[in-house]
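Trainee: I have not seen this structure before. Can we go through it by asking how each label is earned?

Mentor: Yes, with the model open beside us.

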Amino acid sequence: MKKVLIIGSGIAGLSCAISCAEKGIEVTLVSPFPSERSQSVLAAGGINAVTDFPEYKDSIESHIEDTLKGGCHIAGKKAVKGLCENANDVIKWLEKLGTIFTLETDGRVSKRAFGGQSHKRTCYCGASTGKQIVTALVMEARRYEGLGLIKRRLWMDFYSALIKDGICCGAVFYNEATGSPEIITADSVVFATGGQNALFGKTTGSTQCDGYAAGKLFTQGVELKNLEFIQYHPTTIETSQKMMLVSEAVRGEGGRLYYEDNGRYVYFMEERFGERGNLMPRDIVARCMEETKKEIYLDITFLGKEKILKRLPEVYELCKKYRGIDITKQSIPVTPSVHFFMGGIAVKNNHETNIKNLYAIGECASIYHGANRLGGNSLLAAIHGGKVAASSIEKSEQTELDNDFSSELKEAEEKLSTMRKSKSLYPVKYVRDMLAETMHENLGIVRSAQELEKGIDDVSFYLSIADKLNFDKSEFAYLGYSLSGILTLAKATLICAKNRKESRGAHYRSDYPETKDDWTASTIISYDDGKYHTYLDTEGKYES
Ligand SMILES: Cc1cc2nc3c(=O)[nH]c(=O)nc-3n(C[C@H](O)[C@H](O)[C@H](O)COP(=O)(O)OP(=O)(O)OC[C@H]3O[C@@H](n4cnc5c(N)ncnc54)[C@H](O)[C@@H]3O)c2cc1C
């Protein structure tokens, strides 16, 4: 029986695991934490789809057009077409598995407006779309677990991929329960490890998503793509642990952004872009906010208490709990924060990387969003991508496995034991904090060559000391060994941003403010013995 190893059990990993099990493929689904604690459960706003209901006067063509336009025309047309064409089936599949979408009184799936979309297209489950979807998918995964087709392994951190002769056949993990490395082999390996939040410290996302897997794979020969495109969500509020998202649904319900100027309210987005100004794509809104250099507020009070409590209960609770603000009476002070990574592991339309039998799906992969993602498209991409990868794996040839991985295991054992011999934990956390500061300072909403060079120099220095930092406790092993992978990814990200000498989508250069036609392609970056190489994918190696 064909075997697949899936690393990461958020919505993308679950979707792929279930889709593989549906095809009779044996799945091992690995993650350090249960799915119920993945970042996917944070998704509140919704999932985009043109559904069967003509009342919405929407069309798949319009969904495709909005997605390509939002992504500033560097996302692959074929991949986006597949994404949008399959969205309705994704919603039906989720409903079949028990996801309860919010419905209109006539039984239609309700829709809300999200930024950059020409129609109300975002289906949602009250205020907890991600949680509802994860719950339904976990139930289905458990059913397949009962049938022996899915095996879930927790407390397992990715260490490295097993790649022989350009073919991936498994991975090495650090088993937190035993404190030892462990090997899992498979015919295909799928990465579903989420975004790269740790590069920036406090973001709207989960600290589980640290980018280590992408960074490590990069050093093992996997190409990465479009790392310079990082989405800042315009409306977040700061709390002691993270940046909390004030959902785009607030602006979807008519919320207005403004700042105060000598007692006058300036609705700067509406003044600049007209009636739908508040719902411009996220990169534009975030940049306009930054340009004002003022404290920005979001007002939804005019909707009235009854509608606010019915349509935006989570935002009401969030603002009350963390900032003591009653949004039925007061405006919300908001600030943009790092939220989503359009870049990641480069994949072809079937989600395979440049290494045979190695796949990437969900937020760790880069394929559907180009230079900027539309809200509601990433849950769709995570589920659709999982299904596409499963279909490709079903058709792929079964690998003859070479079972001698003793040298890989020995390398991991030696690395972990060297780390345990030393005493100091402090420096690694310190370097992680310094990295976040460097990235915020030099890779913000607006960048310049000077800042990016400074960022590269700083990160190069952290990299030069990374492997010399050590630990005295085995439970911190992951924090320790992941550092150099995270730093390598950070450096690659800064290099991609420095090399793109134009402004496009979420990448804005103060020294190159124009969008240029000859840059209408994705950035690909590869690694060879400590050297980083970038090129533009004008030949369509990944996009078609
Ligand atoms: C606050 C918030 C709200 C959002 N709202 C929406 C929305 O309304 N609509 C929308 O479309 N999108 C939304 N998004 C984006 C969307 O939630 C994510 O893009 C999507 O859930 C990513 O799913 P995933 O399965 O790829 O990753 P995740 O859900 O992040 O799962 C990653 C998995 O990988 C595991 N992992 C990570 N590193 C390792 C490692 N080294 N070894 C082993 N396992 C590892 C993790 O433990 C986890 O199981 C939102 C994001 C945030 C942060």
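Trainee: Which helices and strands each supply at least two residues of the shell around the ligand?

Mentor: This is a predicted model. In it, helix H1 (11-22), strand S7 (156-164), strand S17 (332-341) and helix H11 (377-395) each do so.

Trainee: What makes the atoms of Glu363 and the ligand a polar contact?

Mentor: A polar contact needs a pair of N or O atoms within 3.5 Å. An N or O atom in the side chain of Glu363 is 2.7 Å from an oxygen atom of the ligand, so the pair qualifies. For Arg373, a polar side-chain atom lies 3.1 Å from a nitrogen atom of the ligand, so that pair counts as well.

Trainee: How much of the ligand does the protein bury?

Mentor: The ligand taken alone exposes 1,000 Å², and the protein buries 98% of that.

Trainee: How do the residues of the shell divide into nonpolar, polar and charged?

Mentor: There are 15 nonpolar, 19 polar and three charged residues.

Trainee: Why are S7 and S8 called paired?

Mentor: Pairing requires at least two bridges between two strands. S7 and strand S8 (residues 167-175) have eight, in the antiparallel sense, so they pair. One bridge joins Met156 to Asn175 in S8.

Trainee: What makes S7 an edge strand?

Mentor: The open sheet has the order S7-S8-S9. S7 pairs on one side only, as does strand S9 (180-185).

Trainee: Which helix packs on the sheet?

Mentor: Helix H15 (residues 477-499) does, touching S7 and S8. Its direction makes about 45 degrees with that of S7.

Technical notes
Residues are numbered from 1 along each chain as its sequence is written. This is a predicted model: local features need pLDDT of at least 70, side-chain atom pairs count only at pLDDT 80 or more; totals for chains, interfaces and linings use all residues. Side-chain values use heavy atoms; hydrogens and water are left out. A polar contact is a pair of N or O atoms within 3.5 Å; within protein, one must be able to donate a hydrogen and the other to accept it, and residues adjacent in sequence count only if both atoms are side-chain atoms. Accessible areas come from the Shrake-Rupley method with a 1.4 Å probe; for residues, only the protein chains shown count as cover. Helices (H or I, at least four residues) and strands (E, at least two) are DSSP runs, numbered from the N terminus. Ala, Val, Leu, Ile, Met, Phe, Trp, Tyr, Cys and Pro count as nonpolar, Asp, Glu, Lys and Arg as charged, and the others, Gly among them, as polar. Contact means heavy atoms within 4.5 Å. Axes are lines fitted to C-alpha atoms, for helices over the stretch in contact, and angles run from 0 to 180 degrees between N-to-C directions.
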